[in-house]
Amino acid sequence: MLKSKRSALLASVCALSSLCAHHASAQFAPHRTHSVRPTTDVSDTALARGQRIEEIEVHGNDRIEPSTVLSYMVVRPGDTFNQDDLDRSLKTLYATGLFKDVTLHRSGNILQVQVVENPIVNRIVFEGNSAAKDEDLRKVIALRARAVFTPDAAAADRQKILEVYAGKARYGAEVTPQLIKLAHNRVDVVFQIHEGPQTLIKRIAFVGNKFYSEAQLASVVSSKETAWYRFFSSADQYNPERLRYDGELLRRFYLTNGFVDFQMINATGEMSPDRKSFFVTFTIKEGPRYRLGKIDIRSSLRHMPALKLRKYIEVYPNQWYDGNAVQQNATNMEESLQAEGIPFAVVRPEIARNPEKRIVNLLLDVSEGPRMYVERLDINGNTVTRDNVIRRQLPMSEGDPYTPVLKKYAKQSIEDLGYFKSVAISQGQGSAADKVNVATSVVEKPTGEFSLGGGYSTDVGVIGNIGLKQHNLLGTGVDAGISGTMALWERQVDASITDPYFLNRNLVVGADIFYINNRYQTYQNYSEGRYGISLRMGYAYTNHLSQSFNYSLMERHIGGVWEYASQYVQDNTGHSLLSQIGTVLQYDTRDRRIMPHKGYILRLGGDFAGLGGDAKYVRGKFDAAYYLPLDDLMGNHDWTVEFKAGTGYMADWGHSKDWIIDNFYLGGNNLRGFLDGGAGPRAVADPSPSYVGPDGHARAGEDLLGGRFIYTGSATVRFPIPFASSMGLGGRAFVDTGSLAGLRVARRFTNKAKDGPYYEAVSGNTLSPRISAGFGISWKSPFGLLNVDAGFPIRRSWNDRTQVLRFGFGQQF
């Protein structure tokens, strides 16, 4: 146990010199500090006689050299015994933190300095901590092994440890520093910690809200009331920083919904008397709700009148005023004008409230900003990544016009690389008033990845995978890796390399070597294997428009054919060589690639097979998707409507065999509620020699054959699940439609006597639409992303194969 003691101030008065030497000492006591202000009294008579310090002696020091002690003192030999100088010397010695006791004493004309050194820290120990690791606590404290121990430092470290526990919502934590004295004036410092339970949020209340209910506002803030199902979430832990963030979330929410005069009065948290929970209160003032009124444009740009700029207006009168939408409109207008050859165009939105009519009139002031040019680009902080890898991401070069918009896009572009923990873009004054120096500062992070994974998929069953990747090979930005997948019905190995900036140009080049073996016996009567190489190349024309090319050369094999497989499948048994070249032209305006909220994407692609090999066909595809946010309608950013449509057609040329593995297939991901490939042309044989397949269903030569022409359409509404969004749960409802037709086989079996042992009828070869509807959930769990969809066929062909429940689960770790 730590022992503490305090010594009283000792004073002795020397009659001959009238010098008052003072003695102050302090021992460390937990949670307190004790200091003494010394005073020294020197008579005018002594000064008049010119009594001076002939020598200064240091006593009591062990590890600290006398010269070090003297260096901290104000007085020097030859100085007079001046009271102020002696007081200052005493205070200076205490301020060093090296001594716990200092005494100044005069003996004749000799000044004696008696010191007691503070101990040295031998080691620092934490006891009783489990919620915070030792290494995390060591990072925040100032005391270190072999450093000088002081009571003030220990008290400050105690407070820092309490702050760590406050960040973990443990406001009832207790920290007691203790000393263990060792030989040679050394000590072990032990921080005895009692963590206590987490202090969670029991109740969240809102004061001043009239338009929105407490439940609606509770869905806006990130802090949540504690509940049994939030065992994976920290949202119910009280955090003052999060409370400030919640206040900003409320402000943004109200401003985007027309409440221009909204005020966030305060956000407070009150601890319960038992120190086990918090009561959080948000006090707000909503004010009236405004609609957007008149929208005008004022332009001072040459050759760009206001009337010509109206095409850039994205907001419209009578909608609820949305500050974010107005600012985004101004930013988009700036970018459009800069892309059209006006690099210094500036758009400033100005609003005028009309409280009586409750409208906001908007004026977009378009002018030319100050002309600034990039003089120098500096790259700092990169230790692995080469300068040119970062520099090529910057949307500017030396000598280019500089605008603040470029700074924003530069930061985003470098962050998208995924090579850095943090990215900062700063600007400084150049050599002239119209020149700026732009500095990019980065902090590297590991870009290698070794992954082991597991999960389950409806398509291939239980999955296991292993992979080794390097996303920034030798700092060049090259992405390389090898991965393997083993599932119940699939085996796959893939080695790939991609250079996103081939030959230092805006050109993506990559290659894949692969081997795949699929056993389709769950819903087909054969297995397929393929191995080969694929070469890729892509080019971005603009920020939205890009095109990619690919070439594939692969050996395919169809085997493992069941005895009663249809003749169409048996005709495809054996090996084939595919040599195919393809291209995809894409226009993408989505706000993000994963779970987009707004924007659209268009894809136009084609494949040509026959540059050698056994397959000869031409295939064209078109896909489109549009994402419509429902923010204005639902008052929530988690609502999105997604529309998708696609079509494709393939035609044969030359005289080659038609392989069914090249066909389009409908069902599964592109038509939920139906089995993979379960809708469309299907061989139906004479059931007399029926057998039971691996899935337990009786089949007699029934096989999914695919087709030449396909079309699909889908409408999906993504929405938050009440009280479950904080757990990573989201819902969706969907309607899918599509059809597949155009039998593409080597030959038709229609005559029992001539063509085969059984009559090979084909059903489902029609463009009549199949329709399904259903719902699904996604859970971003700590163990991986889980997707579950339940699709219910509404319209189908009489023998289409359905699959109501479809799910997938997996995670890398």
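Q: What makes the link between the side chain of S772 and the backbone oxygen of R672 a polar contact?
A: The two sit at 2.5 Å. A polar contact is a pair of N or O atoms within 3.5 Å; within protein, one must be able to donate a hydrogen and the other to accept it, and residues adjacent in sequence count only if both atoms are side-chain atoms. So 2.5 Å fits the distance limit. By the way, this is a predicted model: local features need pLDDT of at least 70, side-chain atom pairs count only at pLDDT 80 or more, and totals for chains, interfaces and linings use all residues. Residues are numbered from 1 along each chain as its sequence is written, and side-chain values use heavy atoms, with hydrogens and water left out.

Q: Why is S772 called buried?
A: Its relative accessibility is 0%, and buried means under 20% relative accessible area, exposed over 50%, partly exposed in between (1.4 Å probe, protein chains only). So S772 counts as buried.

Q: Why is L585 called partly exposed?
A: L585, in strand 25, has a relative accessible area of 33%. That falls between the two cut-offs, so L585 is partly exposed. L585 also belongs to a nonpolar patch on the surface, along with residues including Y587 and L602.

Q: How do you know that the span of helix 9 is close to the expected one?
A: Helix 9 (residues 323-339) has 17 residues and reaches 24 Å from its first C-alpha to its last. The expected span is 1.5 Å times one less than the number of residues, and here that gives 24 Å, so the two agree closely.

Methods:
Patches are made of residues with over 30% relative accessible area and no salt bridge: like charges are joined within 9 Å, nonpolar side chains (Val, Leu, Ile, Met, Phe, Trp, Tyr) within 5 Å. Accessible areas come from the Shrake-Rupley method with a 1.4 Å probe; for residues, only the protein chains shown count as cover. A salt bridge is a side-chain nitrogen of Lys or Arg within 4 Å of a carboxyl oxygen of Asp or Glu. Helices (H or I, at least four residues) and strands (E, at least two) are DSSP runs, numbered from the N terminus.
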